[in-house]
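User: I am new to reading protein models, and I would like a close look at a single part rather than a quick tour of everything. Could you choose a part, go through it slowly, and explain each term when it comes up?

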Amino acid sequence: MAIAHRIAEFDIVELTEPVDDAPAGARGGVLELRPGDTAMVEITEPPLDAAARIVFAPLAKLRVVDARS
Amino acid sequence: MLGAQPQWLGVQVAWHDRLVAWPPTIGEPLPRADQVWYEPVKLEDWILAQRGHGEDWLRVFHVELEDRDQLWEAIVAAVQGAPVTTVRDRGANGIVCGVEVELTIRERTAPVTISWHYETEGAEPRLVTAYVSLYD
């Protein structure tokens, strides 16, 4: 049986839908988990400016690409 | 409090009775730059970590985890008076600002981009990320 990885800080994730300035498919690192099942994510691909790259994404719109542990 | 109806005042009286520019504005100094702060976990597990921006910090500045205090001191010094270059209002999640500086650590100097987060209107700027921007 497959076990889903619970998103954790510093996981590398991909957006499954656009969030703030970032398009679907954008990738980055989870910088913190926040109340309301939301994560602060730094988008590293595609390149965005210093403010645009920090997005607040619902966990439901994230897919783990590389779990930290 | 930041939220659906933020107050867009030019200045406000902060708790320490000094005038603080608000909201953060492109071209203006980072509000409360003298009160910047950071969480060690972001510096250690992201900014200086291999899965974050650590590789560039090591290559350009020869900075590793053990140099984190020196890096933070350099960031604090560089951001004083540095103009805001980008701003995003994230509603209930606060405001994110970008600042671009020339950072010098030991004898190495390079452009660095730093993102700051204000959780609320009265909050001090919190370090979110910092990366070498040689190739931007």
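Analyst: Chain B has 136 residues, and 36% of them count as buried, where buried means that 20 or more other C-beta atoms, placed from the backbone, lie within 10 Å of a residue's own, exposed means 12 or fewer, and partly exposed lies in between. Please keep in mind that this is a predicted model, in which local features need pLDDT of at least 70 and side-chain atom pairs count only at pLDDT 80 or more, while totals for chains, interfaces and linings use all residues. Residues are numbered from 1 along each chain as its sequence is written, and chains are lettered from A and ligands numbered from 1 in the order in which they are written. In chain A, which has 69 residues, the buried share is 38%.

The part I have chosen is the sheet of chain A, together with what touches it. Chain A holds 5 strands and 0 helices (both are DSSP runs, with H or I over at least four residues for a helix and E over at least two for a strand, numbered from the N terminus), so that, read from the N terminus on, its elements follow the pattern β-β-β-β-β. Computed along the sheet rather than along the sequence, the order is another matter to follow, since the 5 strands form an open sheet in the order S4-S3-S2-S1-S5, with antiparallel pairing; two strands pair if DSSP finds at least two bridges between them. Strand S4 and strand S5 (62-66) of chain A stand at the edges with a single partner strand each, so one side of each has no neighbour in the sheet.

Let us now go through the pairings one by one. Strand S1 (residues 12-15) of chain A is joined to S2(A) by 3 bridges in the antiparallel sense, and to S5(A), again antiparallel, by 4 bridges. Ile12(A) is a good residue to find in the picture, because it stands opposite Gly29(A) in S2(A) and opposite Asp66(A) in S5(A). On the other side of S2(A), 7 bridges pair this strand with strand S3 (residues 38-45) of chain A, and here too the sense is antiparallel. Within that pairing, Arg27(A) faces Glu45(A) of S3(A). S2(A) and S3(A) make a hairpin with 3 residues between them, and Gly36(A) in the turn has a positive phi of about 80 degrees.

The loop between S1 and S2 of chain A contains Pro23(A), which counts as exposed because it has 12 C-beta neighbours inside 10 Å. From Pro23(A) to Ile54(A) there are 31 residues in sequence, and the C-alpha atoms of the two are 13 Å apart in space.

Val55(A) links the sheet to its surroundings. Leaving out residues up to four places away in sequence, Val55(A) touches Val19(A), Asp20(A), Asp21(A), Ala22(A), Val41(A) and Ile43(A), where two residues are in contact if their C-beta atoms lie within 7 Å. Contacts between residues 24 or more positions apart account for 40% of those in chain A with a separation of 6 or more.

Val55(A) also belongs to the largest nonpolar core, which has 49 residues and in which Val41(A), Val55(A), Ala57(A), Ile75(B), Cys97(B), Val99(B) and Ile114(B) touch the most other members (such a core is a set of buried Ala, Val, Leu, Ile, Met, Phe, Trp, Tyr and Cys residues joined through C-beta atoms within 7 Å). The largest share of this core, 7 residues, is supplied by strand S4 (residues 95-105) of chain B.

That brings us to the neighbouring chain. In all, 16 residues of chain A are in contact with 21 residues of chain B, and strand S2 (27-34) and strand S4 (54-58) of chain A each provide at least two residues of the side of chain A that touches chain B. Chain B has 3 helices and 6 strands, following the pattern β-β-α-α-α-β-β-β-β along the sequence. Its strands include 4 that form an open antiparallel sheet in the order S3-S4-S5-S6, with strand S3 (84-89) and strand S6 (126-132) of chain B at the edges, each pairing on one side only. S4(B) is joined to strand S5 (residues 108-118) of chain B by 11 bridges, and the two run antiparallel. Cys97(B), one of the core residues named above, has Trp116(B) in S5(B) as its bridge partner.
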